[in-house]
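Welcome! Here is a short tour of one protein model, from its sheet to its surface. Please have a look at the sequence and the structure first.

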Amino acid sequence: MIVTNQKIAVVPGSFDPITYGHLDIIERACKIFDKVYVSVLRNSSKKGLFSPEERIDLISGVTKHLDKVEVIQFDGLLIDFCQQVGADAIIRGLRAVSDFEYEMQLTSMNRKLDSHIETMYIMTNNNYSFISSSIVKEVAKYGGKIEDIVPPLIEDALKEKFKEQ
Ligand code: PNS
């Protein structure tokens, strides 16, 4: 699985579901790195709407145009996944100051677990800085307009999900 002499990034998240904000970060990571693993991980403080398999399918569907991307679900520590794929860096998006404290905790802990893997932040495009998966789900649940914040595939999946419930 390890690709030598190539710069490898991991873009981790819960992606429940993936938004245009996430996609923007993944696309920009692809401009810098040779290989980008989008890793679907468990965030123990969040209750999921989509199953891990559904999230993988949705991410794969909206990243089809990105040859460098591989989407993988991992049940464990992010740093263990990074070690398994030989990652050089973890890439996260930063939307606003409110993200900072949590991200600093995440980065510090991951650095303590493995100081060789850098965490790097990409500032989210201003158009997407207000988007979160939680807000998208809330708006979709009550039939609000989400076409500017998630790709059509995700919009359809959300509509379907809330029809089932
Ligand atoms: O999209 P999110 O929910 O902000 O992503 C958070 C995520 C999934 C990256 C984080 O919760 C995580 O890394 N989970 C895997 C378990 C882990 O490694 N936890 C310790 C990190 S210090």
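How many bridges join strand 2 to strand 3? There are five bridges, and the two strands run parallel. Please keep in mind throughout that this is a predicted model.

## The sheet

Let's widen the view to the sheet as a whole. It is an open sheet of five strands, ordered 3-2-1-4-5, with parallel pairing. Strand 3 (69-73) and strand 5 (118-123) stand at its edges; each has a single partner strand, so one side of each lacks a neighbour in the sheet. On average, neighbouring strands are turned by 30° against each other, with direction ignored.

Helix 2 (residues 52-62) packs on this sheet, where it touches strand 2 and strand 3. The direction of helix 2 makes about 175° with that of strand 3. As general background, strands of a sheet pair through backbone hydrogen bonds, in either a parallel or an antiparallel way.

## Two residues of strand 2

Now for a closer look at strand 2, which covers residues 35-40 and includes S39. The bridge partner of S39 in strand 3 is I72. Is S39 buried or exposed? S39 counts as buried because its relative accessibility is 0%, and the cut-off for buried is under 20%. Beyond its neighbours within four places in sequence, S39 is in contact with V10, V11, P12, G13 and F15, and also with I72, F74 and F81.

Y37 is found in strand 2 too. With a relative accessibility of 2%, Y37 counts as buried. In sequence, Y37 and S115 are 78 residues apart, while their C-alpha atoms are 19 Å apart in space.

## Helix 4 and a surface patch

Helix 4 spans residues 97-113, and M109 has its place there. At a relative accessible area of 48%, M109 is partly exposed. Which residues form a nonpolar patch on the surface with M109? They are L77 and L113, and the three together have about 290 Å² of accessible area.

D99 also lies in helix 4. Why does D99 count as buried? Its relative accessible area is 11%, and buried means under 20%, so D99 falls on the buried side of that cut-off. Leaving aside neighbours within four places in sequence, D99 is in contact with G93 and L94.

Notes
Residues are numbered from 1 along each chain as its sequence is written. This is a predicted model: local features need pLDDT of at least 70, side-chain atom pairs count only at pLDDT 80 or more; totals for chains, interfaces and linings use all residues. Side-chain values use heavy atoms; hydrogens and water are left out. Helices (H or I, at least four residues) and strands (E, at least two) are DSSP runs, numbered from the N terminus. Buried means under 20% relative accessible area, exposed over 50%, partly exposed in between (1.4 Å probe, protein chains only). Contact means heavy atoms within 4.5 Å. Patches are made of residues with over 30% relative accessible area and no salt bridge: like charges are joined within 9 Å, nonpolar side chains (Val, Leu, Ile, Met, Phe, Trp, Tyr) within 5 Å. Accessible areas come from the Shrake-Rupley method with a 1.4 Å probe; for residues, only the protein chains shown count as cover. A salt bridge is a side-chain nitrogen of Lys or Arg within 4 Å of a carboxyl oxygen of Asp or Glu. Two strands pair if DSSP finds at least two bridges between them. Axes are lines fitted to C-alpha atoms, for helices over the stretch in contact, and angles run from 0 to 180 degrees between N-to-C directions.
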